[in-house]
Amino acid sequence: MPARDLALIDIYFTPVKLRKKACLWKEGDICRFIGFVSKGAIHHFFCKEGEEKTCGISLENAFFTDYDSFYNYLPTISNAQSL
């Protein structure tokens with residue numbers, strides 16, 4: 001990766017360590033960030049009739065967000081937590 005790209009990452013991203021099962025957003029929140037998984041994974045899920053239904057997992061070296069919520073400033077329809 002070119003040095004200028006790495007410099008942009010340093011400007012726009014802040015490293016954060018999350019505990020297991022830390023909530024990143026809940027249904028109804030506005031997602032205000034784009035994240036990058038450098039270690040671990042993020043579990044994306046819906047709650048339906050009191051049960052969690054997995055709709056995705058973001059693994060290491062991947063970006064993640066609720067794109068519709070982030071770009072359109074709409075409430076999320078999913079949940080996300082660290083694994």
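Two strands are taken to pair where DSSP finds at least two bridges between them. The legends below apply this term to a predicted model.

**Figure 1. Overview of the protein chain, with two helices and six strands.** The elements follow the order α-β-β-β-β-β-α-β from the N terminus on. Along the principal axes, the C-alpha atoms of this predicted model fill a box of roughly 50 × 25 × 15 Å. The protein chain has 83 residues, of which 25% count as buried.

**Figure 2. The open sheet of four strands, in the order 1-6-3-4.** Pairing in this sheet is antiparallel. Strand 1 (23–25) and strand 4 (51–58) are the edge strands; each has a single partner strand, so one side of each has no neighbour in the sheet. From one strand to the next, the twist averages 35°. Within the sheet, strand 3 (residues 42–48) and strand 6 (residues 79–82) are joined in the antiparallel sense by four bridges. One position in this pairing is His43, which stands opposite Gln81 of strand 6.

**Figure 3. The hairpin of strand 3 and strand 4, with two residues between the strands.** Seven bridges link strand 3 to strand 4, again in the antiparallel sense. Phe45 faces Thr54 of strand 4, and Phe46 has Lys53 as its bridge partner in strand 4. The turn of the hairpin contains Glu49, whose phi is positive, at about 55°. Most residues other than glycine have a negative phi. Glu49 departs from that pattern, with a positive phi near 55° in a residue other than glycine. Glu49 belongs to the loop between strand 3 and strand 4. Its relative accessible area is 77%, and Glu49 is therefore exposed, the cut-off being over 50%.

**Figure 4. The salt bridge between the side chains of Glu51 and Lys53.** The structure holds one salt bridge. The distance between Glu51 and Lys53 in this contact is 3.8 Å, taken from N to O. Both side chains belong to partly exposed residues: the relative accessible area is 48% for Glu51 and 40% for Lys53. Lys53 is also the residue of strand 4 that forms a bridge with Phe46, a pairing shown in the preceding view.

**Figure 5. Lys21, a residue with positive phi in the loop between helix 1 (3–12) and strand 1.** The phi of Lys21 is about 70°, although the residue is not a glycine. The relative accessibility of Lys21 is 56%; this value is over 50%, so Lys21 counts as exposed. The loop that holds Lys21 leads from helix 1 to strand 1, and strand 1 stands at an edge of the sheet.

**Figure 6. The approach of Glu27 to Ile77, two residues 50 positions apart along the chain.** The C-alpha atoms of Glu27 and Ile77 are separated by 4.9 Å. Glu27 is part of the loop between strand 1 and strand 2. With a relative accessibility of 49%, Glu27 counts as partly exposed, because a residue must be over 50% to be exposed.

**Figure 7. The largest pocket, with a volume of about 780 Å³.** Rolling a probe the size of a water molecule over the atoms shows where empty space is left. The lining of the largest pocket comprises 27 residues. Pro15, Val16, Phe36, Val37 and Ser38 are the lining residues nearest the centre of the pocket. Helix 1, strand 2 (35–37) and strand 5 (62–64) are the elements that contribute two or more residues to the lining. Sorted by class, the lining contains 17 nonpolar, five polar and five charged residues.

Note on methods:
Residues are numbered from 1 along each chain as its sequence is written. This is a predicted model: local features need pLDDT of at least 70, side-chain atom pairs count only at pLDDT 80 or more; totals for chains, interfaces and linings use all residues. Side-chain values use heavy atoms; hydrogens and water are left out. Axes are lines fitted to C-alpha atoms, for helices over the stretch in contact, and angles run from 0 to 180 degrees between N-to-C directions. Buried means under 20% relative accessible area, exposed over 50%, partly exposed in between (1.4 Å probe, protein chains only). A salt bridge is a side-chain nitrogen of Lys or Arg within 4 Å of a carboxyl oxygen of Asp or Glu. On a 1 Å grid over the protein atoms alone, a cavity is a set of points where a 1.4 Å probe fits but cannot get out, and a pocket is an open set with protein on both sides within 12 Å along at least five of seven lines; lining residues have an atom within 4 Å of a point. Grid points are joined across faces, edges and corners, and a volume is the space filled by probe spheres set on the points. Ala, Val, Leu, Ile, Met, Phe, Trp, Tyr, Cys and Pro count as nonpolar, Asp, Glu, Lys and Arg as charged, and the others, Gly among them, as polar.
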